[in-house]
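Please open the structure in your viewer and keep the sequence panel beside it. The stops below say what to select next and what is found there.

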Amino acid sequence: MRDKTNDDGEWKWSRRRTLEAAGTVGIASLAGCAGTSSNDSQNSNGNGQPTDPELTLSEWLVPKDAQYNSFNSKNWPGDASRMLYDAFVRYNAKKNEFEPNLLTDWSIDGKTVTLKTRKQQWHDGDSVTADDLVAQLRLEKFMGMTKFLESAEVTGDQSAKLTLTSEINPDVFLETFRNKRLTVKKSLFEKHLQEFESASSDSEKSTAQSNLSSRTIEEPIGNGPFELKTATSQQFTLTKFEKHPQAGNINFPRVVYKYFPSNQKRWQALMNNELDGQAQMFVPKNVREKFPKSVVRAKIPTNSGFGVTFQHDHKHFGQRNVRQAVAHVIDREQVAQNSGGDTKVPVDLPSAVPANTDEWLGNSAGKFNKYQTSTQKAASLLKDAGFERQSGTWVDSNGNTLKAPFKVPSGYTDWVTASETIVSQLQSFGIDAKLVSRSTSTFWGKDFAKGNFVLAAGGWSARLHSHPYFHLKFQLDSSAADNVYNYPDTVSVPSLNGSGGGSQEVDVAKEVESLLTAKPGKKTKQRVQKLAWVVNQTLPVLPIQEKLAQSFVTKDDWNVPSQNSKSMSVYWPTSWLPRTGELTAKTK
C-alpha cells in the first residue's frame, strides 16, 4: 500500500491508511482490537456454569523443568507461553491480514516508527508500559535478533518511538512483529540492559550476551489472559487473569497443558478425549479417521513446505540444466498426495512466492516455467548438458553416472514419504537416485548444516511469512544459500521482459536488499517479479509442495467456529480464539 505520491516522492505509512485501502500485501481490516467477536459462540458467555472448566491442551516440555527467560531457548515452554504472554499483533493466514493486539496502533514515516500499546497489567499487578516494550526491543538488538533497529525510546506510558537504520518497506517491517510476544518485564531484565550499555569491547558484549542467554527465570510474570498456577511433571495449570483486557470474552477458569512428548501420544489423547485441542500437529488420514466426530480440524496455510535442496557446488547438480531436468521429472502432485493428502498442496509455479502469487507476479507469471512433468523435456535438458542414456542410466560426457543420493531426516515422516516418491520417480527416469535416511539430529547437525549432501530434503521458504522478501532472501541470500548449498553471488538469467532472447546478470544480494528498502507499489512488484524469475530459472531450492498446518479443537464441550471459518486460520486457534470469544465453554 502506498500514499498518493509517485514512487520517488515522500511517503508515509499509517494504520489509518491501511484501513482505507487494499494493499500490496493485503494488510487490512485493522479496525478494532482483537477482543470482540460477533461469533455465535459468544452467546454462551451467560450465567451458566461451563460444562468443562478446563481447556486441556498439550506441551512438549516437562512442565516442572520450564524456565521463563525467552532469551534462553532451553526449557522455554513453547505451547504454554502462548497463553502466558501476549503477542504484539494478530495475523490471520486466510485473510492475509494483521490486526492489533498488544500493539494497538503503529505508523512508519521514513526511518521513524511510532508504536502504541494497549493498557493492561502484568500478572503481578504492575502496568504493562512502553518501558517494557522498549526494553525487550533493545535487548533483542543487543542480542543481534532485531534487524534494522538503530534505537528505541519511550515517549509516553503507552507509546514508543523507534529509529531504523534506513528506510524499510513498511510491509516488511510489520512482518518482523509477526511472531513477537512481550516477554520482558523491564524490572526483571534491568541488570542485563545495564551490562550491555556499559560494555566497551566485543569481549564484554559477548559476556553480556552469554549472561542473558544462559539465565533461567523459575517463576513467570506474564501478561496474557492466563497466569501460571502450578507446574508439575505432568502438566501446567493456568488460571484466568481477570484483569486482562480480553478476560470478559473467556467463560472458563483454567487452561491445562499436559505433557505429551510425541505426536503419537497426542493422537491417542485426542482419540480418547483427553485433549480439547492441539495448536498444530501433523496427523495422517488413517489416524484422523479414528478421531471422535467431535474433533474439528482447521487447515491453515503456512506459506512454506517441503522442497529439494541442491548442492550447487556439485559437478552435476551445480549445472542449471540438470536441476531443471529434475524439476521436469518430479510429479509434484503425486508427491503431495503420497506425503500428506489434503494437508499438502503441490506448488503450481516454482518461484519462492507462496502467498498471493497472482497478486505479486501478475501477467508476468505466464512467462515462468511451471516445470510440468515431462520426461521428454528432462531428457532434452540433460542431452544439452552433454549427458546420454546408456543401458537405461544417464551418464555425463566422461561416462560418470548421474547419481542422486537424497538425504532426509528420518523423524520427519511426511518428508520421508515425499522423498521416497521423488527417488522412485528419478530412478524410473534413469537417474541413479538413492534414499539416505539420517537421524534428525545427524541430518541437521552434520549433513545439512555442513553442506554434506548432493540432494537433501528441506524447506523452500521462510515459514509463516507472507511478504515475498522473506522467502526470496531465504532462497537467494541467506546463510544457508551462502554456506550450505553454495548458491552463487551473481547469476545470468534470460531477460524476463526483454525480447530477442537476451540475458541479464543479477547480483542477488543487491537485488534482495533493494526489495527490503523499496516503497510499496509498482516498483516493489517489479523487483519481486525479477527475483522470483531468478528463482524460477536457477532453482536454488526446488519447491515441491506447500504445507497446510493442521490445528484441532473439540466441540463436545466447546463452542467453536466451523473448520472453514477464517477465524480458524490464525496462528493458533487454541490460544487466539479464547481471547476473542470465538472458542468458549458450553454451559449447563
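Leaving aside its neighbours within four places in sequence, with which residues is glycine 451 in contact? Select glycine 451 and show its surroundings: the contacts beyond those neighbours are Gln311 and Val484. This is a predicted model. Glycine 451 is found in the loop that runs between helix 14 (440–448) and strand 20 (455–459). Its relative accessibility is 17%, so glycine 451 counts as buried, the cut-off being under 20%.

**The sheet with strand 20**

Stay in this region and select strands 19, 18, 20, 14 and 23. In that order they make up an open sheet of five strands with mixed pairing. Strand 19 (432–438) and strand 23 (541–543) are the edges; each has a single partner strand, so one side of each has no neighbour in the sheet. From one strand to the next, the twist averages 30 degrees.

Zoom in on strand 14 (residues 306–310), which pairs with strand 23 in the antiparallel sense over three bridges. Here valine 308 stands opposite leucine 542 of strand 23. Now add helix 14, which lies across strand 14, strand 18 (403–409), strand 19 and strand 20. Helix 14 runs at about 125 degrees to strand 18.

Next, display the rings of Phe306, Tyr412, Trp415, Phe443, Trp444, Phe448 and Phe453, which form one aromatic cluster.

**The largest nonpolar core**

Move on from glycine 451 to leucine 103: the two are 348 residues apart in sequence, and their C-alpha atoms are 40 Å apart in space. Leucine 103 is one of the contacts of leucine 115, the next residue to select. Which other residues does leucine 115 contact, leaving aside its neighbours within four places in sequence? Besides Leu103, they are Asp105, Trp106, Leu133, Leu137, Gln158, Ser159, Ala160, Leu162 and Phe177.

In soluble globular proteins, nonpolar side chains tend to be buried together. The largest nonpolar core in this model has 112 residues, and the members that touch the most others are Leu115, Leu162, Phe173, Phe177 and Val255. Colour helix 3 (residues 130–142) as well: with seven residues, helix 3 gives the most to this core. A second core of 37 residues is separate, and includes Phe306, Ala325, Leu402 and Val454.

**The four-stranded sheet**

Select strands 2, 11, 10 and 9, which in this order form an open sheet of four strands with mixed pairing. Strand 2 (54–59) and strand 9 (226–231) are the edge strands, and each pairs on one side only. With direction ignored, neighbouring strands in this sheet are turned by 25 degrees against each other on average. Strand 2 and strand 11 (residues 254–259) run parallel and are joined by six bridges. To see one of the positions, pick leucine 57, whose bridge partner in strand 11 is tyrosine 257.

**Aromatic pairs**

A pair of aromatic rings is described by the distance of the centres and the angle of the planes. The count here comes to 21 aromatic pairs. Start with phenylalanine 142 and phenylalanine 196, a stacked pair at 4.8 Å centre to centre with 5 degrees between the planes. This pair links distant parts of the chain, with phenylalanine 142 in helix 3 and phenylalanine 196 in helix 5 (residues 186–198), 54 residues apart. Both phenylalanine 142 and phenylalanine 196 are buried.

Then select phenylalanine 368 and tryptophan 533. Why does this pair count as edge-to-face? The ring centres are 5.3 Å apart and the planes stand at 75 degrees, and planes over 60 degrees apart are classed as edge-to-face. Phenylalanine 368 is in the loop between helix 11 (357–361) and helix 12 (375–384), while tryptophan 533 is in helix 18 (residues 522–538), 165 residues apart. Phenylalanine 368 is buried, at 6% relative accessible area, and tryptophan 533 is buried too, at 7%.

**Charges over rings, and a last loop**

Show arginine 389 and phenylalanine 429: the charged end of arginine 389 sits over the ring, 6.0 Å from its centre. Arginine 579 lies over the face of tryptophan 576, at 5.4 Å from the ring centre.

Finish at serine 294, in the loop between helix 8 (285–288) and strand 13 (295–301). Is serine 294 buried or exposed? Its relative accessible area is 15%, under the 20% cut-off, so serine 294 is buried. Leaving aside neighbours within four places in sequence, serine 294 is in contact with Asn273, Val553, Thr554, Lys555 and Asp556.

Note on methods
Residues numbered from 1 in each chain as written. Predicted model: local features only at pLDDT ≥ 70, side-chain atom pairs only at ≥ 80, totals over all residues. Heavy atoms only, no water. Core = buried A, V, L, I, M, F, W, Y, C linked by side-chain atoms within 4.5 Å. Buried < 20%, exposed > 50% of the residue type's maximum accessible area, 1.4 Å probe, protein only. Helix = DSSP H or I, 4+ residues; strand = E, 2+ residues; numbered from the N terminus. Contact = heavy atoms within 4.5 Å. Pairing = 2+ DSSP bridges. Axes fitted to C-alpha atoms, helices over the stretch in contact; angles between N-to-C directions. Phe/Tyr/Trp six-rings, centres within 6.5 Å; stacked < 30°, edge-to-face > 60°. Lys NZ or Arg CZ within 6 Å of the ring centre and 35° of its normal.
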